[in-house]
Amino acid sequence: MDERKQSGNGIPLLQLRDLVVEYYTRSGVVRAVDSVDLDIYKGEVVGLVGESGCGKSTLGMALLRLVRSPGKITSGKILFKGKDILTLSENAMRDLRGPEISMIFQDPMTSLDPLQRIDDHFVESIRAHDKHISKEDAIKRAAELFDLLGIAPDRLQDYPHQLSGGMRQRVMIGLALALDADLIVADEPTTSLDVLVEAQFLDLLKDLRRRYNMTLILITHNIGIVAELADRVAVMYAGEIVELGDAGPLFAEPLHPYTDALLGSVPNIKLDEELKIMGGQPPDLLDPPAGCRFHPRCPYAMDRCREEEPPWQEIQPGHWAACWLYAEGKRETLHG
Amino acid sequence: MSLRSYIITRILMTIPMLLVLVTLVFFILRVMPGDPVLAMMRPGTPKAYLNELRHEMGLDKPIMVQYVDYLWDLARGRLGTSLAPVRGRPVAKDLWAKFPATLELSLTSFLITIIVGVSTGAYAAYKRRSAADYTFRLYSIIIYAIPVFWLGLMFQLIFGVYLHWLPVAGRIDDLALAPKTITGMYLLDSVLTGNWPSFVNAAKHLILPSVTLGLYLSGIFTRLTRSNMLNSLRQDFVTAARARGISENRVVVRHALKNAFIPILTMMGLQFALLLAGAVLTESTFSWPGLGRFLVERIGYRDFPSIQGTVAFFAILVAVVSLLVDILYAYLDPRIRY
Amino acid sequence: MNDWEQVGLIARFLRGRKWYGSEWYITVAGAFILFIVISSTLLAPLLAPYNPIKPAGGRFEEPGAGKTVIVVATGTTNITKPADLAGQKVAAKAHSTGSVRAEALKADVYPALSVKKALDSLAAGNVRAVLLTTQEAQKLLPAYQGALKTVGKPFGITFYMGTDNLGRDIWSRIIWGARGILLVAILAALFSALIGIPLGLISGYWGGTVDRVLSLIMDSIYAFPGLILAIAMAAMLGPGIVNIAVAISVVYIPTYFRITRGQVLSVKEELYVEAAHSLGATASTIIKAYIFPNVVPSIVVVFSLNIADAILTEAGLSFLGLGLPPPTPDWGFDLNKGRAYLPLGYWWPITFPGAMIALVALGFSLLGEGLGEILNPRLRES
Ligand SMILES: Nc1ncnc2c1ncn2[C@@H]1O[C@H](COP(=O)(O)OP(=O)(O)OP(=O)(O)O)[C@@H](O)[C@H]1O
Ligand code: SF4
Ligand SMILES: [Mg+2]
């Protein structure tokens with residue numbers, strides 16, 4: 001495997017083990033994240049893709065232990081730098097949020113407090129973790145970041161509504177950088193930006209990651225962004241990770257039929273094929289189908305798929321998938 | 001728009017509102033029952049006397065002329081003269097004398113309303129579906145159904161008659177104790193003049209009436225705060241603030257509650273009007289010598305100019321308060337200001 | 001609304017218990033309170049033991065008092081039951097329950113300054129009997145050992161809630177008093193609805209200058225402290241059920257106006273009205289067929305909440321002496337009267353009427369709140 005994984009002594013920055021997150025709703029228990037295992041290494045960008053409602057945001061929020069009520073992390077482990085954050089006290093957890101793990105949200109319009117000036121956001125965040133930093137120093141740090149992010153520092157005194165959407169999303173990044181987060185979770189950071197602004201923002205992200213060796217989990221259903229930025233990609237379906245691998249091989253030769261269908265429904269990635277819209281609906285997480293959860297929509301579904309859950313296997317080096325097509329080494333690729 | 005031009009626009013906008021309100025008072029009181037002199041005087045009053053009164057009050061002129069006269073008088077701060085108990089005494093003079101007492105009571109009560117309402121509402125929202133939530137919601141419904149004057153009577157019974165802790169009537173034990181008049185509000189005046197015995201005495205008298213009136217509207221604020229707080233706790237910026245590791249207290253108070261307070265503020269003018277209505281009843285319950293008791297007392301004397309004048313004064317008060325609330329709103333919400 | 005929809009509404013309501021949980025119970029609790037209060041005031045002639053406007057006993061008899069006993073000299077044999085007192089010389093403390101009872105029994109009453117004086121005159125043979133309460137008998141009779149005795153059983157109906165400053169039975173006044181306040185509140189709400197809804201329809205439907213002028217007036221009334229307006233109007237109109245109802249109704253017209261106008265505007269936006277319009281439907285058809293059905297659920301809710309408010313306003317007016325003309329039983333007015341005697345520690349004349357006002361207002365509030373959640377989730381947090 002590549003050198004990234006050797007760096008950081010081979011110990012992943014973040015390890016998810018058998019993570020389960022459930023929402024206790026009036027109509028029943030929704031298992032939004034189901035037994036997820038995932039390792040994230042220092043300095044890599046991992047794309048997390050999947051259809052709407054498959055549990056991406058829930059997974060992201062779980063990393064900060066901020067799953068919204070009525071959701072709860074019901075079992076599993078989240079090891080950050082080798083330590084299980086699920087065992088931390090609320091205070092210790094708070095120290096982690098920001099300086100260690102940071103989050104960027106989908107809608108920059110609503111992610112900033114409309115009654116608070118931008119500089120106060122910075123001062124508040126910085127001083128929440130280090131009381132010894134003076135207000136002036138905190139503002140100075142914010143101004144430096146603004147410079148880096150390409151915003152005029154005098155906009156620091158503005159209120160959020162005075163900034164454009166793109167600027168606000170940069171501010172969100174700035175807030176994450178201000179605390180030197182080791183891991184940034186970006187949940188659809190560009191969804192609400194228009195195309196041009198999105199392109200600028202992606203350039204900024206690329207630039208930043210080169211500079212800071214940022215570790216980023218990029219949640220999105222925009223495959224294009226993942227293809228551009230991600231080193232590795234995890235594909236989620238109905239609360240489970242169904243495929244994981246380096247971005248190049250995964251896009252070139254997807255192993256899981258769901259990934260295949262997902263890529264097939266996106267223009268510009270596989271130009272040689274016709275655009276296909278995936279049939280069917282993602283399953284109801286209140287009562288997911290038995291066996292492989294994708295079987296009702298899978299063109300390759302077999303009897304076995306309806307009864308037994310497919311095993312999580314490393315089919316090619318560093319390329320994992322959960323699908324019966326590859327049981328006992330039957331097949332090497334989907335289309336081959 | 002700058003804050004200054006906003007305020008100027010808002011002041012200009014108050015004028016039509018004021019005009020409509022005082023017009024309303026004029027027509028409702030003048031047109032509805034017919035002739036105020038007949039309505040006021042007992043049957044059998046000599047005709048000559050009635051006519052004299054009509055003439056004195058300008059009631060023999062055409063209604064539109066009366067209306068214009070009334071507006072013109074109002075614009076110059078004149079509210080007519082009393083018929084009884086002291087004939088010829090300017091109504092405005094009485095109103096100004098009574099106003100500080102009402103203002104003092106209303107302001108303290110409003111403070112209590114907001115403190116009780118906002119804290120219970122915010123807590124209920126924060127602990128949604130907890131026992132505290134259900135308790136405070138129930139409280140908000142029940143307290144609103146309790147007549148404010150009865151609440152006052154019950155407090156008088158418990159804290160005045162049985163426990164002897166607090167006085168149940170008036171603003172001060174002895175007028176000789178009253179502080180030197182600066183604003184007319186005893187509490188403020190005694191602080192300004194450093195008159196502590198008077199402060200303590202006035203405060204003791206103020207406690208029961210202001211708690212009564214304060215609790216009266218607190219239920220409405222519990223509900224308002226709860227629903228707005230539920231809404232703002234759901235907002236992304238609250239989650240985002242938590243995700244930056246900001247302390248829970250700060251997230252809830254400085255971000256969620258502060259934002260929830262903005263829509264509450266926009267309703268504050270209306271609530272203050274309700275509070276004034278409650279003040280009339282509270283003043284009567286506690287023999288508090290303010291505008292409300294003055295109004296009721298003059299109704300007893302059948303003193304029409306005083307009645308009309310007091311109601312018009314309340315109308316002006318409502319317009320001014322709604323203006324102040326809007327200015328405060330603009331000051332607190334940057335989205336209005338810029 | 002036709003029968004089928006009625007059934008649908010009821011079915012929806014019953015189904016509500018499952019969907020809405022606490023809101024459903026709130027509604028039922030409100031309805032239950034109102035059912036009890038309304039049915040007992042309708043049954044007032046049966047439930048109220050005393051005439052609400054006549055003295056039933058002494059002044060400020062405590063709750064639970066009201067039993068009286070006949071005391072006679074030991075040798076007396078022709079007085080054994082209350083009816084025997086007719087025409088007899090009977091002493092009782094003046095203005096006490098005993099003297100009121102003796103009057104009612106057509107006795108020849110000798111008012112005494114105190115119970116002790118009355119007993120003394122009986123012992124002296126000046127009168128044939130004395131009427132006093134059981135408690136007084138227990139306390140004072142031992143002093144006249146042998147000379148005086150009680151005859152028959154204690155008689156008279158207990159004053160469950162005591163008596164007021166005129167000796168009237170508070171329980172009876174409470175039961176009868178519900179009529180006035182309910183009537184005024186319901187009338188006031190009806191008046192407001194009957195004026196506010198059409199104005200709202202007109203304003204919303206026609207728009208333009210009419211709309212602007214009406215809205216301006218309504219907003220001003222809405223912003224004005226309602227009770228103060230009602231006080232002034234009630235003072236001008238004078239006492240009486242209809243007058244008070246009119247005075248109160250002015251306050252609530254804007255509520256109906258606003259909700260109707262708002263609904264009309266949103267319904268108007270929707271295409272089907274446009275379509276009906278272009279097909280040549282008359283304004284009244286459109287209002288009846290499209291607008292009214294949409295407005296009704298909100299109106300039902302507002303109506304109930306409005307009555308709760310009107311109850312409190314009526315009580316407030318009465319408390320200020322601007323309500324129903326005395327001696328009509330009126331809870332607010334009774335509070336006003338009782339207030340004067342509060343410093344003497346008489347808690348019962350103010351406690352019970354006030355609690356009733358709160359209870360009835362609570363009943364309508366709960367009903368309105370619950371119905372609001374069930375029928376019209378849109379009103380929920382507004
Ligand atoms: N607050 C909640 N209460 C109940 N269920 C929830 C809640 N939030 C999410 N869910 C459920 O959890 C599942 C995963 O939701 P999540 O928001 O994590 O999906 P997502 O992959 O981020 O979707 P999207 O792409 O639309 O953002 C969904 O099926 C949703 O129904
Ligand atoms: S396990 Fe079966 S149903 Fe599931 S993706 Fe593979 S082939 Fe399709
Ligand atoms: Mg999401």
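Let's start at ligand 1, where an oxygen atom has a polar side-chain atom of Lys56(A) 2.9 Å away. Keep in mind that this is a predicted model. Thr58(A) does something similar, placing a polar side-chain atom 2.4 Å from an oxygen atom of ligand 1. With Gly53(A) it's the backbone that counts: one of its N or O atoms sits 2.7 Å from a ligand 1 oxygen. On its own, ligand 1 would expose 630 Å², and the protein buries 68% of that.

Now widen the view to the shell. There are 16 residues around ligand 1, and the ones that come nearest are Ser52(A), Gly53(A), Lys56(A), Ser57(A) and Thr58(A). In chain A, strand 1 (14-25) and helix 2 (56-63) are the elements that give two or more residues to this shell. Helix 2 of chain A has the largest share, with three residues. As for chemistry, you'll find eight polar residues in the shell, along with five nonpolar and three charged.

Next, hop over to chain C. Here a nonpolar patch lies on the surface, made of Ile38(C), Leu42(C), Leu43(C), Leu46(C) and Leu47(C), which together have about 490 Å² of accessible area. Two helices of chain C, helix 2 (22-42) and helix 3 (44-47), supply at least two patch residues each. Leu43(C) is placed in the loop between those helices. Is Leu43(C) buried or exposed? Neither label quite fits: Leu43(C) counts as partly exposed because its relative accessibility is 42%, and that class runs between the 20% limit for buried and the 50% limit for exposed.

Note on methods: Residues are numbered from 1 along each chain as its sequence is written. Chains are lettered from A and ligands numbered from 1 in the order in which they are written. This is a predicted model: local features need pLDDT of at least 70, side-chain atom pairs count only at pLDDT 80 or more; totals for chains, interfaces and linings use all residues. Side-chain values use heavy atoms; hydrogens and water are left out. A residue is near a molecule or strand if one of its heavy atoms lies within 4 Å of it. A polar contact is a pair of N or O atoms within 3.5 Å; within protein, one must be able to donate a hydrogen and the other to accept it, and residues adjacent in sequence count only if both atoms are side-chain atoms. Accessible areas come from the Shrake-Rupley method with a 1.4 Å probe; for residues, only the protein chains shown count as cover. Helices (H or I, at least four residues) and strands (E, at least two) are DSSP runs, numbered from the N terminus. Ala, Val, Leu, Ile, Met, Phe, Trp, Tyr, Cys and Pro count as nonpolar, Asp, Glu, Lys and Arg as charged, and the others, Gly among them, as polar. Patches are made of residues with over 30% relative accessible area and no salt bridge: like charges are joined within 9 Å, nonpolar side chains (Val, Leu, Ile, Met, Phe, Trp, Tyr) within 5 Å. A salt bridge is a side-chain nitrogen of Lys or Arg within 4 Å of a carboxyl oxygen of Asp or Glu. Buried means under 20% relative accessible area, exposed over 50%, partly exposed in between (1.4 Å probe, protein chains only).
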